[in-house]
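Colleague: Before I use this model, I would like to hear the reasoning behind the labels attached to it. Could you set each value against its cut-off for me?

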Amino acid sequence: MRIQETPSKALTGHTGPIQQTVFLSNNRLVSCSDDEAINVWETVNGKELLSLKAHTGVVYALEILPNGWLASGSSDKTIKVWNLQDKREVRELRGHKDEVIWLKALKNGNLVSYSTDDTIKIWNPYLAENNLLMTISGHGNAIWIISLGVLSNDFLATCSRDSENRESIL
């Protein structure tokens with residue numbers, strides 16, 4: 001594998017710092033930013049294909065769901081679910097009381113979210129109503145979950161930091 005040392009394309013379009021990127025099929029990339037936008041890019045030519053603007057705060061997290069939909073988490077305390085083919089928002093998941101900063105998809109199609117309200121929530125993003133399946137509160141004495149992972153058996157693994165700056169993995 002050859003790694004290119006200099007960028008081949010600059011993707012410009014966001015007006016704020018980029019928080020996360022995820023790759024789609026067909027040489028496409030999705031980015032989210034402090035500018036409250038989610039952009040879809042053609043990586044071969046650097047062209048912006050789509051800009052989704054429905055969040056009212058920083059968009060921190062992106063995750064591709066098994067059916068190809070995109071989920072986005074924001075400082076506006078919401079998770080939005082997008083159908084990129086139709087270029088539209090299909091769901092808004094509400095329930096967190098603070099910023100949504102991590103999203104992970106489970107194999108069964110459910111979505112896991114973490115918020116700075118110190119809760120982990122599990123959602124069925126395909127249901128139009130009653131899509132919150134479970135809330136896990138109080139990560140011990142953690143003040144911040146640093147990362148959220150999904151193991152091969154769909155168990156959650158979290159890495160957190162407490163008020164004394166100690167880190168733990170659960």
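Colleague: Why is K80 called buried?

Modeller: In this predicted model, K80 has a relative accessibility of 4%, and because buried means under 20% relative accessible area, K80 counts as buried.

Colleague: What makes the contact of K80 with E89 a salt bridge?

Modeller: The closest N and O atoms of E89 and K80 are 3.7 Å apart, and since the definition asks for a Lys or Arg side-chain nitrogen within 4 Å of a carboxyl oxygen of Asp or Glu, the pair is a salt bridge. E89 has a relative accessibility of 30%, and because the range for partly exposed runs between under 20% and over 50%, E89 counts as partly exposed.

Colleague: How do you know that K80 and E92 also form a salt bridge?

Modeller: The N to O distance between the side chains of K80 and E92 is 2.2 Å, which falls within 4 Å, so the same definition is met. This pair links distant parts of the chain, with K80 in strand β7 and E92 in strand β8 (residues 88-94), 12 residues apart. Through salt bridges that share partners, K80, E89, E92 and R94 are joined into one network. E92, at 33% relative accessibility, counts as partly exposed.

Colleague: How many salt bridges does the structure hold, and what makes E42 and R28 one of them?

Modeller: The structure holds five salt bridges. For the side chains of E42 and R28 the N to O distance is 3.8 Å, and because the limit is within 4 Å, they meet in a salt bridge. E42 lies in strand β3 (residues 38-42) and R28 in strand β2 (residues 28-33), so the pair ties together parts that are 14 residues apart in sequence.

Colleague: Which of the labels buried, partly exposed and exposed apply to E42 and to R28?

Modeller: E42 has 14% relative accessibility and therefore counts as buried, whereas R28, at 33%, counts as partly exposed.

Colleague: Where does R28 stand with respect to the largest pocket?

Modeller: The largest pocket holds about 370 Å³ of space. It is lined by 14 residues, and those closest to its centre are L24, R28, V40, L84 and Q85. By residue class, the lining of this pocket divides into six nonpolar, six polar and two charged.

Colleague: What makes β6 a mostly covered strand?

Modeller: In strand β6 (residues 70-74), five of its five residues are buried, and that label is given because a residue has under 20% relative accessible area. L70, S72 and S74 point one way from β6, while A71 and G73 point the other way, and all are buried.

Colleague: How do you know that β6 pairs with β5 and with β7?

Modeller: Five bridges join strand β5 (residues 59-64) to β6, and four join β6 to strand β7 (residues 78-83); because two strands pair if there are at least two bridges between them, both counts qualify. Each of these pairs runs antiparallel. A71 of β6 is the bridge partner of E63, and in β7 the bridge partner of A71 is V81. The hairpin of β5 and β6 has five residues between the strands, and in it G68 takes a positive phi near 95°. The hairpin of β6 and β7 has three residues between the strands, and K77 in its turn has a positive phi of about 75°.

Colleague: Which residues have the most contacts inside the largest nonpolar core?

Modeller: This core has 13 residues, and those with the most contacts inside it are L65, I79, V81, L93, L103 and L111. The elements that give two or more residues to the core are β7, β8 and β9 (100-105), and β9 gives the most, with three residues.

Colleague: Why are K87 and N130 called exposed?

Modeller: K87 has a relative accessible area of 53% and N130 a relative accessibility of 68%; because exposed means over 50%, both residues carry that label. K87 is found in the loop between β7 and β8, and its phi is near 60°, a positive value in a residue other than glycine. N130 is found in the loop between β11 (119-123) and β12 (132-137), and its phi, near 50°, is likewise a positive value in a residue other than glycine.

Notes:
Residues are numbered from 1 along each chain as its sequence is written. This is a predicted model: local features need pLDDT of at least 70, side-chain atom pairs count only at pLDDT 80 or more; totals for chains, interfaces and linings use all residues. Side-chain values use heavy atoms; hydrogens and water are left out. Buried means under 20% relative accessible area, exposed over 50%, partly exposed in between (1.4 Å probe, protein chains only). On a 1 Å grid over the protein atoms alone, a cavity is a set of points where a 1.4 Å probe fits but cannot get out, and a pocket is an open set with protein on both sides within 12 Å along at least five of seven lines; lining residues have an atom within 4 Å of a point. Grid points are joined across faces, edges and corners, and a volume is the space filled by probe spheres set on the points. Ala, Val, Leu, Ile, Met, Phe, Trp, Tyr, Cys and Pro count as nonpolar, Asp, Glu, Lys and Arg as charged, and the others, Gly among them, as polar. A nonpolar core is a set of buried Ala, Val, Leu, Ile, Met, Phe, Trp, Tyr and Cys residues joined through side-chain atoms within 4.5 Å.
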